[in-house]
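The following exercises invite the reader to study a protein structure step by step. Please examine the sequence and the model before attempting each task.

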Amino acid sequence: MGTARYIWIDDSLRPSTEGVVPFLSAGVQYGFSVFEGIRCYATDKGPAVFRLDEHVQRLLDSAHIVGFRELPVGAEQITTAIHQTIAANEFSACYIRPMIFLDDALTMTVEAGKARFMVAVWEWKSFLGAEAKERGIRANIASFTRLHPNIMMTKAKVSGNYVSSILAKTESQRAGFDEAIMLGPDGYVAECTGENLFVARNKVIYTTPRAGILEGITRDSLVTLARDLGYSVVEEPISRDQLYIADEVFVCGTAAEVIGLREIDFRTIGDGKAGPVTRALQHEFDKLVAGRHARSEKWLAPVPAMNTAAVR
Ligand SMILES: Cc1ncc(COP(=O)(O)O)c(C=O)c1O
């Protein structure tokens, strides 16, 4: 993992060593912050960010959902900050982490604190590794239930939500699996700890309804790519046993990209390796993020050159 020299704080680039947050902030004390996970890919035209507008909008939506009324930044400033942070660090491919957090709140209300904004980037090529992509990974059904929207809203990427993800993923890894599948409060499949889930059966692709999940931008991209390939994609509740008898199960997210599940709860899924639908979508997605797909033009935007005036 390559470390960055610069980080964006509030309205300017600073040396990364200054990237600290106050101990007494609600962001740290209560997990009251919203964030995004975005990827910048190396392409023939230089570094390019995947679906940046949609990620920026989701960050603003998250802030709106948790009740921030006044933000120090809008879509344009967030976009500029992201571009400048990538350019300043001279990464050709990296992971991007913008965050809006509640500062100096010693009382528990959004009204009491002020929202602050930061962007960090780091060089990071593969989340689960090349072998995971080829072979698929092993998952279990978590003993923890995915959040009910009246407890913690799943449409917002709130830092505190990830305590639940970390509980499930730690349990899964300690039991010898790679990833956890979380069922929603209704008992049907919701999503993984940081990925959305798809099932392929008899040449139809299924994915879970949107209400109880984070609406992944990779998920949305795969639905389009699958339909481009001629598959019908159906959004409907998926039960645990439907996973066991699927031809293929695959998961997707910004970090994981597209990964097949070869085993769930000690049951082999399909042929026990990434199947043809998974591989076809991995292939399309790889072309897309390399800038070599018909949809790359719309979804992959080159990073503009550095504005040196932004560095303090
Ligand atoms: C809980 C959860 N579900 C799904 C996803 C996938 O979303 P995306 O494809 O936008 O990265 C993520 C990752 O951000 C996540 O944290």
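The exercises below concern a predicted model, and each is followed by a worked solution.

**Exercise 1. Domains**

Determine into which domains the protein chain is divided, and describe the side of domain 1 that touches domain 2.

Solution. Begin with the division of the chain: domain 1 covers 6-125 + 296-310, and domain 2 covers 130-274. Next, consider the separation of the two: taken over C-alpha atoms, the centres of domain 1 and domain 2 are 26 Å apart. The contact involves 19 residues from domain 1 and 12 residues from domain 2. On the side of domain 1 that touches domain 2, at least two residues each come from β3 (33-35), β4 (38-43) and α2 (52-65). The element that gives the most to this side is α2, with 6 residues. Finally, classify the residues of this side of domain 1: 8 are nonpolar, 5 polar and 6 charged.

**Exercise 2. The shell around the ligand**

Identify the residues around the ligand, and state which helix gives the most to the shell.

Solution. First list the residues around the ligand: Gly-37, Glu-191, Gly-194, Glu-195, Asn-196, Leu-214, Gly-216, Ile-217, Thr-218, Arg-219, Gly-253 and Thr-254. Then assign them to elements: helix α6 (residues 217-228) gives the most to this shell, with 3 residues. Sorting the shell by residue type yields 2 nonpolar, 7 polar and 3 charged residues.

**Exercise 3. Strand β1 and its partners**

Establish how β1 pairs with β2 and with β7, and where the side chains of β1 point.

Solution. Start with β2: β1 and β2 are antiparallel and are joined by 4 bridges. In this pairing, Ile-9 has Ser-12 of β2 as its bridge partner. The two strands form a hairpin with 2 residues between them, and Asp-10 in the turn has a positive phi of about 60°.

Turn next to β7: its pairing with β1 is also antiparallel, as in the hairpin, and spans 2 bridges. Here Ile-9 has Met-118 as its bridge partner, and Trp-8 stands opposite Val-119.

For the last step, recall that side chains in a regular strand alternate between the two faces of the sheet. In β1, Tyr-6 and Trp-8 point one way, Ile-7 and Ile-9 point the other way, and all are buried.

**Exercise 4. Strand β7 and the nonpolar cores**

Is strand β7 mostly covered or mostly uncovered, and which residues have the most contacts inside the largest nonpolar core?

Solution. Strand β7 (residues 114-122) is mostly covered, with 7 of its 9 residues buried. Strand β6 (residues 94-103) runs antiparallel to β7 and is joined to it by 9 bridges; in this pairing, Leu-102 stands opposite Ala-115.

The largest nonpolar core has 46 residues, and Ile-86 and Val-119 have the most contacts inside it. Leaving aside residues up to four places away in sequence, Val-119 touches Ile-7, Trp-8, Ala-81, Ile-82, Thr-85, Ile-96, Arg-97 and Pro-98. There is also a second, separate core of 39 residues, and Ile-137, Ala-190, Tyr-206 and Leu-225 are included in it.

**Exercise 5. Burial and exposure of single residues**

Decide whether Asp-11, Glu-131, Glu-257 and Phe-266 are buried, partly exposed or exposed.

Solution. The cut-offs needed are these: 20 or more other C-beta atoms within 10 Å make a residue buried, 12 or fewer make it exposed, and a count in between makes it partly exposed.

1. Asp-11 is found in the loop between β1 (6-9) and β2 (12-15). Asp-11 is partly exposed because 13 other C-beta atoms lie within 10 Å. Its C-alpha atom is separated by 11 Å from that of Ile-82, 71 residues apart along the chain.
2. Glu-131 lies in helix α4 (residues 130-135). With 10 other C-beta atoms within 10 Å, Glu-131 is therefore exposed. Glu-131 and Ile-151 are 20 residues apart in sequence, and their C-alpha atoms are 37 Å apart in space.
3. Glu-257 is found in strand β15 (residues 257-264). Because 22 other C-beta atoms lie within 10 Å, Glu-257 is buried. Its phi is positive, near 60°.
4. Phe-266 is found in the loop between β15 and β16 (267-268). Phe-266 has 8 C-beta neighbours inside 10 Å and so counts as exposed. The phi of Phe-266 is near 70°, a positive value in a residue other than glycine.

How values were computed:
Residues numbered from 1 in each chain as written. Predicted model: local features only at pLDDT ≥ 70, side-chain atom pairs only at ≥ 80, totals over all residues. Near = placed C-beta within 6 Å. Nonpolar A, V, L, I, M, F, W, Y, C, P; charged D, E, K, R; others polar. Core = buried A, V, L, I, M, F, W, Y, C linked by C-beta atoms within 7 Å. Contact = placed C-beta atoms within 7 Å. Domains from an automatic or database assignment. Pairing = 2+ DSSP bridges.
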